[in-house]
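This report describes the fold of one protein chain, beginning with its strand pairing. The sequence and the model are shown here.

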Amino acid sequence: MNKLTHFDASGQAHMVNVGDKPNTHRIAVATGKISMRAQTLEIIEAGTHKKGDVLGIARIAGIQASKRTADLIPLCHPIALTHVSLQFQINKPENSISCQVQTETTGPTGVEMEALTAVQVALLTIYDMCKAVDRGMVIGDIKLLEKSGGKSGEWKAD
């Protein structure tokens with residue numbers, strides 16, 4: 001098992017030193033979903049929500065969140081993202097919406113946290129915009145699907 005990298009030899013939290021790591025092209029893909037009542041999904045899909053285009057606003061929120069990850073997660077490095085894409089998939093039989101985010105950079109550290117943060121904020125934005133009609137929505141299944149680049153190379157979820 002690898003050691004936890006965010007603690008020094010004396011057990012104190014620290015920001016990992018990436019100064020000597022080479023710049024490599026790095027990609028991370030994360031996913032999650034929000035489940036809701038069928039009527040709520042119909043409102044989102046029809047675009048008739050009085051607050052506007054729910055998925056369009058959630059997409060922008062997720063992209064903005066990816067760029068602010070270092071402000072939210074104390075030991076994350078600020079990263080110059082080179083690309084962020086965010087897609088939603090509506091699943092009518094499950095009354096859910098899945099969100100998948102891909103983040104990219106060329107740098108000395110990965111972009112997994114940026115992808116995970118974007119997914120969560122996008123889904124939270126859907127919740128926020130629709131809570132007046134459905135407070136019982138459930139957000140879950142948030143996980144990293146894959147990452148590439150850096151010393152550890154490629155990784156894919158089982």
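Strand β1 and strand β4 (residues 138–148) are paired in the antiparallel sense through eight bridges, and I34 has I139 as its bridge partner in β4. Strands here are DSSP runs (E, at least two residues) and helices are DSSP runs (H or I, at least four), both numbered from the N terminus; two strands count as paired if DSSP finds at least two bridges between them. The model is a predicted one, in which local features need pLDDT of at least 70 and side-chain atom pairs count only at pLDDT 80 or more, while totals for chains, interfaces and linings use all residues. Residues are numbered from 1 along each chain as its sequence is written, and side-chain values use heavy atoms, with hydrogens and water left out.

Strand β1 (residues 24–35) also runs antiparallel to β3 (residues 96–107), joined to it by twelve bridges; within this pairing, V29 is matched with Q102 of β3. Two bridges connect β4 with β5, again antiparallel, and K147 lies opposite W155 in β5.

| Strand pair | Bridges | Sense |
|---|---|---|
| β1 and β3 | twelve bridges | antiparallel |
| β1 and β4 | eight bridges | antiparallel |
| β4 and β5 | two bridges | antiparallel |

Together, five strands make an open antiparallel sheet in the order β2-β3-β1-β4-β5. Its edges are β2 (83–91) and β5 (155–156), each of which pairs on one side only. Along the chain, four helices accompany the five strands, and the order from the N terminus is β-α-α-α-β-β-α-β-β.

Helix α4 (residues 112–130) contains M113. The helix has 19 residues and spans 28 Å from its first C-alpha to its last, close to the expected 27 Å; the expected span is 1.5 Å times one less than the number of residues. Its buried residues (under 20% relative accessible area) include L116, V119, L123, I126 and M129. M113, by contrast, is partly exposed (between 20% and 50%), because its relative accessible area is 33%.

M113 forms a nonpolar surface patch of about 240 Å² with L72 and I73. Such patches consist of residues with over 30% relative accessible area and no salt bridge, nonpolar side chains being joined within 5 Å; a salt bridge is a side-chain nitrogen of Lys or Arg within 4 Å of a carboxyl oxygen of Asp or Glu.

Of the chain's 158 residues, 36% are buried. The accessible surface (Shrake-Rupley method, 1.4 Å probe) is about 9,300 Å², with 53% belonging to carbon and sulfur atoms.

Terms used:
Patch = residues over 30% accessible without salt bridge, like charges linked within 9 Å, V, L, I, M, F, W, Y side chains within 5 Å. Buried < 20%, exposed > 50% of the residue type's maximum accessible area, 1.4 Å probe, protein only.
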